[in-house]
Each structure stands twice: as structure tokens, then as C-alpha cells.
Amino acid sequence: MTDTIQVRVWRGDAAGGAFREYAVPRLASQTVLDVVTHIQRRVDPTLSYRYACRVGMCGSCAMTVNGRARWTCRTHVAGVAQDGRLEIAPLSNLPVVKDLVTDMTQFFDKWAAARGRFEGGGTRRDDFARVTPASPMRQLADAGIECIGCGVCYASCDVVAWNPDYLGPAAMNRAWTLVNDVRDTAQRERLAAVAGDAGCHACHTHMSCTERCPKKISPTAAIAGLKRAAALAALKGEI
Ligand code: SF4
Ligand code: SF4
Ligand code: FES
């Protein structure tokens, strides 16, 4: 193991920028987030980046590391450095605010466009809904419910790069989770929202989202489920 690691970090803003090089001391069990933090605290306090939990719970530390979107807090330098070098850039497919910070507005606007919020019909006077854990719909909902909205899948999707209106894997994974929530009352509206030109039928099943999701979620499978459900609803004349 060498004493230092050469790190290229993208510096700039929405108007443009370039990579800048830093030498960072190499430490045992060092994460990519540790490297970025070292630069910001010890070398250049003007470097902007984002993180919160440092344990893979919040998703805010996602960046592009050696060409691939990852959670930097859960990525060890030893696992990704190539010839003792790292290249760290902001997530792709999102506007840059500054340096390594992206603007997530469009990402979450697409969750809203896909009707990614629970729309229940119960009141506070109703008893709790009972959903059997082993029921097929509950299991389908379980498969995608642990998404933390980190944007790794979105930044990895070529269709988002080609078509900025495309809702993307995370929003549709969320929609599919809710389609399988038997308590939700907005299923027709949700399927209509994801069945448009920028919705599930635009997915090319490249699988990058599924290969890269740090939570091992499969947005590809969720989107396939939406394609089937939307086609069925269209055949029945429901959407
Ligand atoms: S499977 Fe679909 S959503 Fe996922 S990366 Fe490929 S095109 Fe994008
Ligand atoms: S599906 Fe996975 S990669 Fe995509 S936002 Fe959710 S947790 Fe992140
Ligand atoms: S800082 Fe929260 S997931 Fe990395």
C-alpha cells in the first residue's frame, strides 16, 4: 500500500468546471467519504460535498467514483482505487449546484409525478389495516420499500441521460411499491401517471439501476411489474 493516494476531484458549478488533483494520506479502512472529508477539512475548505449519516442510511453521500455512482461512505478506497488513484465527481443526470453537490429537485419531482406518496382512504376512527406478511402483494411491496432515495440508480440510467423527462428507476420503484399496497386508493391514477411516454414503457431493461443499487433493490423488476399492470389496466379500459 502506498503512503498517499492521488485524487482527482471535480470542482465547479452549473456553468462548468474541471478536475483538480490532491494527494491524500492513505489509511487503513479508509472510505471515499473519508478522502473527500480530508480534502475539505485539511486542504481546501471551499470544497462542497454532502453527507449525513456515514453508515449507509441517508443516501446523501452518493457521488461518481472512478466512473460509477456509489455511496461514498460505504465504499472503501481499497476496493475501488485503480493504481492508487481515485476520480470523484458529482452524480450524473442531475444538475450540479457546486463541486460534488447535485440538485435533487428533479429527482424528487419525478417521485411526485409518479404519484409516489401513499394515498389512503381510512380515517383515524378506523381500525388498523391488517396486511398478511406472506401475501403476494405485501411481498412485492417489501421488495422495493427499503429505497432511501439516494439517486445512484437514477445517475446510472442511460434512458434518463437520453430523455430528461423519463421518470427513472427510483420513482417507478416507489410507484410499484404503492401499487402493491392494498390500502392505497389511487391505483388507476398512479398507473396512468407511469404509463405515459416518459414512464415505464420507456425503460430499455439495461439493468444498470439494479446492478448498482446499494440496497439490492431491483427497479428493473418493479418497472416490469408496472408495464404488466399498465397494459392490463389499458386493456380493461381503466386508464
Ligand atoms: S432497467 Fe430501465 S430504469 Fe433501470 S437503468 Fe435500465 S433503462 Fe434505466
Ligand atoms: S432504488 Fe436503490 S439506488 Fe435507487 S434511489 Fe433507491 S436505494 Fe438508491
Ligand atoms: S452519508 Fe448517509 S448513506 Fe452515506
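This passage looks at a ligand shell, a pair of packed helices and two unusual backbone angles in a predicted model.

Let's start with the ligand. Ligand 1 is surrounded by 13 residues, and those that come nearest are C157, C203, H206, M207 and C209. Two elements, α9 (208-212) and α10 (219-235), each give two or more residues to this shell. Sorted by class, the shell around ligand 1 holds eight nonpolar and five polar residues, but no charged ones.

Next come the helices. Two packed helices are described by the angle between their axes and the distance between the axes. For helix α4 (residues 136-144) and helix α7 (residues 169-179), the axes come within 8 Å and cross at roughly 155 degrees. Since angles over 145 degrees count as roughly antiparallel, α4 is therefore roughly antiparallel to α7. The α4 and α7 crossing is left-handed. On the α4 side, M137, L140, A141 and G144 make the contact, and they meet N173, W176, T177 and V179 of α7. Five of the residues in this contact are nonpolar and three are polar, with no charged ones.

Finally, the backbone has a couple of oddities. Most residues other than glycine have a negative phi. S29, though not a glycine, has a positive phi of about 60 degrees. S29 sits in the loop between β2 (16-25) and α1 (32-43), and it is exposed, with a relative accessible area of 62%. D83 is another non-glycine residue with a positive phi, near 55 degrees. The loop between α2 (77-80) and β5 (85-89) is where D83 is found, and D83 is exposed too, its relative accessible area being 81%.

Terms used. Residues numbered from 1 in each chain as written. Chains lettered and ligands numbered in written order. Predicted model: local features only at pLDDT ≥ 70, side-chain atom pairs only at ≥ 80, totals over all residues. Heavy atoms only, no water. Near = heavy atom within 4 Å. Helix = DSSP H or I, 4+ residues; strand = E, 2+ residues; numbered from the N terminus. Nonpolar A, V, L, I, M, F, W, Y, C, P; charged D, E, K, R; others polar. Axes fitted to C-alpha atoms, helices over the stretch in contact; angles between N-to-C directions. Parallel < 35°, antiparallel > 145°, perpendicular 65-115°, else oblique. Left-handed = near helix turned anticlockwise from the far one by under 90°. Contact = heavy atoms within 4.5 Å. Buried < 20%, exposed > 50% of the residue type's maximum accessible area, 1.4 Å probe, protein only.
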